[in-house]
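Let's walk through this model together, one strand and one side-chain contact at a time. Keep the structure open beside you as you read.

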Amino acid sequence: MNMQELFGLDGKIALVTGGSRGIGKMIVEGLLEAGCAKVYIVARKKEQVDETSAELGDKVIGLVGDLSQMDGIQALADEIAAREDKLDLLVNNAGAAWGEDFEEFSEAGWHRTVDLNLKTPFFLTQKLHGLLKAAATPERPAKVLMIASIDGMKTNPWETYPYQASKAGLIHLTRRIAARLIRDNIVVNGIGPGAFPSMMNRAARDNPDASARGIPSRRIGVTEDMAAGAIYLLSRAGDYVVGTTIPIDGGVVNANIGAGNFVDPSGE
């Protein structure tokens, strides 16, 4: 049993949405270390895309796009198709959070959050279906990885209603898409991150010790934790895991029995 063959991604072409920072960037770093030949990243802000591409090297190709609308989703799919005749790995990581008091919660916040977190992964996967099929074989399936959240697996005390609902929906959507795409030798799975430092999770970023109090592992997540989970599911090692969303959270969802002094680790 060759560990490099199990976990290596040599020569693979990947696309990571929201790959310029946070969890997306952690996954990109892991893909590069595992041997990917090319990793496309896309985000809305050109300066962030350019900065991350320059930092991570020539194998990272930065694209600028807004995936919250269908024209942006189609434009990205067209751009990838113009550059590549196949796509081995798709990581649907782009997302948004919005919090407001229940009585004041806005329709704009609802639409932005649900569209980006739930509609965008579905339609981007649909638009890239042909390229994924072109890369897929029974022996080496193509892979789609959905980035959900532990907030889709449990409630938190924050008033982020569409965020929590959309991430729960994404977990079920992962199962449903997986059931369809496996016939095309495309394996779909998901990850539910817990507390990782990012712009979306400022509590973990700015107050890691306070966030760690609500985590059985007594620490927040680091790049290696996220990269390892993604590599497992995207490599040969994860080929027989289909339609599953794995929490990577230090035990918050499945090993948290204490209720005292709880500090929500999601930081939403």
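**From the strands to the surface**

Strands β6 and β7 pair in the parallel sense over four bridges; two strands count as paired if DSSP finds at least two bridges between them. Strands here are DSSP runs of E with at least two residues, helices are runs of H or I with at least four, and both are numbered from the N terminus. Before going further, please note that this is a predicted model, in which local features need pLDDT of at least 70, side-chain atom pairs count only at pLDDT 80 or more, and totals for chains, interfaces and linings use all residues. Residues are numbered from 1 along each chain as its sequence is written, and side-chain values use heavy atoms, with hydrogens and water left out.

To find the β6–β7 pairing on your screen, look for Gly 192, whose bridge partner in β7 is Pro 247. On β6 you will also find a pairing with β5, again in the parallel sense, over six bridges. There, Leu 145 has Asn 189 of β6 as its bridge partner. Between β5 and β6 the chain passes through helix α7 (residues 161-181), and this β-α-β crossover is right-handed. Right-handed means that, with the strands pointing away from the viewer, the path from the first strand over the helix to the second runs clockwise.

How enclosed is strand β6 by the rest of the structure? Eight of the eight residues of β6 (residues 186-193) are buried, so the strand is largely enclosed. Buried means under 20% relative accessible area, exposed means over 50%, and partly exposed lies in between (1.4 Å probe, protein chains only). Both faces are covered: one side has Ile 186, Val 188, Gly 190 and Gly 192, and the other has Val 187, Asn 189, Ile 191 and Pro 193.

Now for the charged side chains. A salt bridge is a side-chain nitrogen of Lys or Arg within 4 Å of a carboxyl oxygen of Asp or Glu, and by this rule the count comes to 10. One of them joins Arg 140 to Asp 239, with the closest N and O atoms 2.7 Å apart. Arg 140 sits in the loop between α6 (129-135) and β5 (142-147), and Asp 239 in the loop between α10 (223-234) and β7 (245-248), so this pair ties together parts that are 99 residues apart in sequence. Arg 140 is partly exposed at 23% relative accessible area, whereas Asp 239 is buried at 14%. Through shared partners, salt bridges link Arg 140, Lys 143, Arg 236 and Asp 239 into one network.

Other salt bridges lie within a helix. In α4 (residues 70-83), Arg 83 and Glu 79 are four residues apart, about one turn, and their side chains meet at 2.6 Å, N to O. Arg 83 is partly exposed at 40%, and so is Glu 79 at 32%. In α5 (residues 107-127), Asp 115 and Lys 119 are likewise four residues apart, about one helical turn; their salt bridge spans 3.8 Å, N to O.

Finally, turn to the surface, where Met 1, Met 3, Phe 7 and Tyr 232 make a nonpolar patch of about 460 Å². Patches are made of residues with over 30% relative accessible area and no salt bridge, joining like charges within 9 Å and nonpolar side chains (Val, Leu, Ile, Met, Phe, Trp, Tyr) within 5 Å. Accessible areas come from the Shrake-Rupley method with a 1.4 Å probe, and for residues only the protein chains shown count as cover. Phe 7 belongs to helix α1 (residues 3-7) and is partly exposed, with a relative accessible area of 34%.
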